Amino acid sequence: MTQKQQIFNHLLSGKTLTPIQALTKYNSLRLAAVVFKLKRKGYKVQTEMINVGTKKHSKLVAQYSIKK
């Protein structure tokens with residue numbers, strides 16, 4: 001199974017995914033590119049910016065999901 005298919009299946013299962021999680025779970029550095037392709041195919045991929053840092057060192061990352 002390709003990385004794209006694994007990411008697609010992950011999102012379709014109702015789970016969320018961040019770029020760090022995609023790298024860890026699927027060895028993918030191109031999550032945004034996969035999400036872009038899914039959106040072009042008509043999937044309603046939602047993007048939420050979440051804070052993964054601390055108060056002192058704030059870091060926002062994209063968290064993707066597909067609502068069922």
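Contact here means heavy atoms within 4.5 Å. Buried means under 20% relative accessible area, exposed means over 50%, and partly exposed lies in between, with a 1.4 Å probe and protein chains only. Helices (H or I, at least four residues) and strands (E, at least two) are DSSP runs, numbered from the N terminus.

This is a predicted model, in which local features need pLDDT of at least 70 and side-chain atom pairs count only at pLDDT 80 or more, while totals for chains, interfaces and linings use all residues. Residues are numbered from 1 along each chain as its sequence is written, and side-chain values use heavy atoms, with hydrogens and water left out.

## Overall layout

The protein has 3 helices and 2 strands. From the N terminus on, their order is α-α-α-β-β. The radius of gyration is 12 Å, close to the 11 Å that the globule rule gives for 68 residues, so the protein is as compact as a globular protein of that length. That radius is taken over C-alpha atoms, and the globule rule is 2.2 Å times the number of residues to the power 0.38. Along its principal axes the C-alpha trace spans about 40 × 25 × 20 Å.

Of the 68 residues in the protein, 31% are buried. Among contacts with a separation of 6 or more, 40% join residues 24 or more positions apart. The protein exposes about 5,100 Å², and carbon and sulfur atoms supply 53% of that area. Accessible areas come from the Shrake-Rupley method with a 1.4 Å probe; for residues, only the protein chains shown count as cover.

## The nonpolar core

A nonpolar core is a set of buried Ala, Val, Leu, Ile, Met, Phe, Trp, Tyr and Cys residues joined through side-chain atoms within 4.5 Å. The largest one has 14 residues, and those with the most contacts inside it are I7, L11, L17, L31, L38, V45 and Y64. At least two residues of this core come from each of α1, α2 (19-26), α3 and β2 (60-66). Helix α3 gives the most, with 4 residues.

L17 touches several parts of the chain: not counting residues up to four places away in sequence, its partners include I7, L11, Y26, L31 and Y64.

## Buried sides of two helices

An α-helix has 3.6 residues a turn, so residues three or four places apart point the same way.

In α1, the residues I7, F8, H10 and L11 are buried. They cover an arc of only 160° around the axis, which puts them on the same side of α1. The arc is that of the directions from the helix axis to the C-beta atoms. The buried residues of α1 pack against α2, α3 and β2.

In α3, the buried residues include L31, V34, V35 and L38. Their arc around the axis is only 100°, which puts them on the same side of α3. The buried residues of α3 pack against α1, α2, β1 and β2.

## An aromatic pair

Rings of Phe, Tyr and Trp (its six-membered ring) pair if their centres lie within 6.5 Å; planes under 30 degrees apart count as stacked, over 60 as edge-to-face and the rest as tilted. By this rule there is 1 aromatic pair. F8 and Y43 form it in an edge-to-face arrangement, at 4.9 Å centre to centre and with 70° between the planes. F8 lies in helix α1 (residues 3-12) and Y43 in the loop between α3 (31-40) and β1 (45-51), so the pair ties together parts that are 35 residues apart in sequence. F8 is buried, with a relative accessibility of 12%, while Y43 is partly exposed at 34%.

## T18 and Q63

T18 lies in the loop between α1 and α2 and is buried, at 8% relative accessibility. Leaving out residues up to four places away in sequence, T18 touches L31, I50, V61, A62 and Q63.

Q63 lies in strand β2 and also counts as buried, at 18% relative accessibility. Beyond its neighbours within four places in sequence, Q63 is in contact with T16, L17, T18, Q46, T47, E48 and I50.

## Positive phi values

Three residues with positive phi are listed here.

| Residue | Place | Phi |
|---|---|---|
| G14 | following α1 | near 95° |
| N27 | loop between α2 and α3 | near 55° |
| G42 | just after α3 | about 105° |

N27 is a residue other than glycine. It is exposed, with a relative accessible area of 58%.
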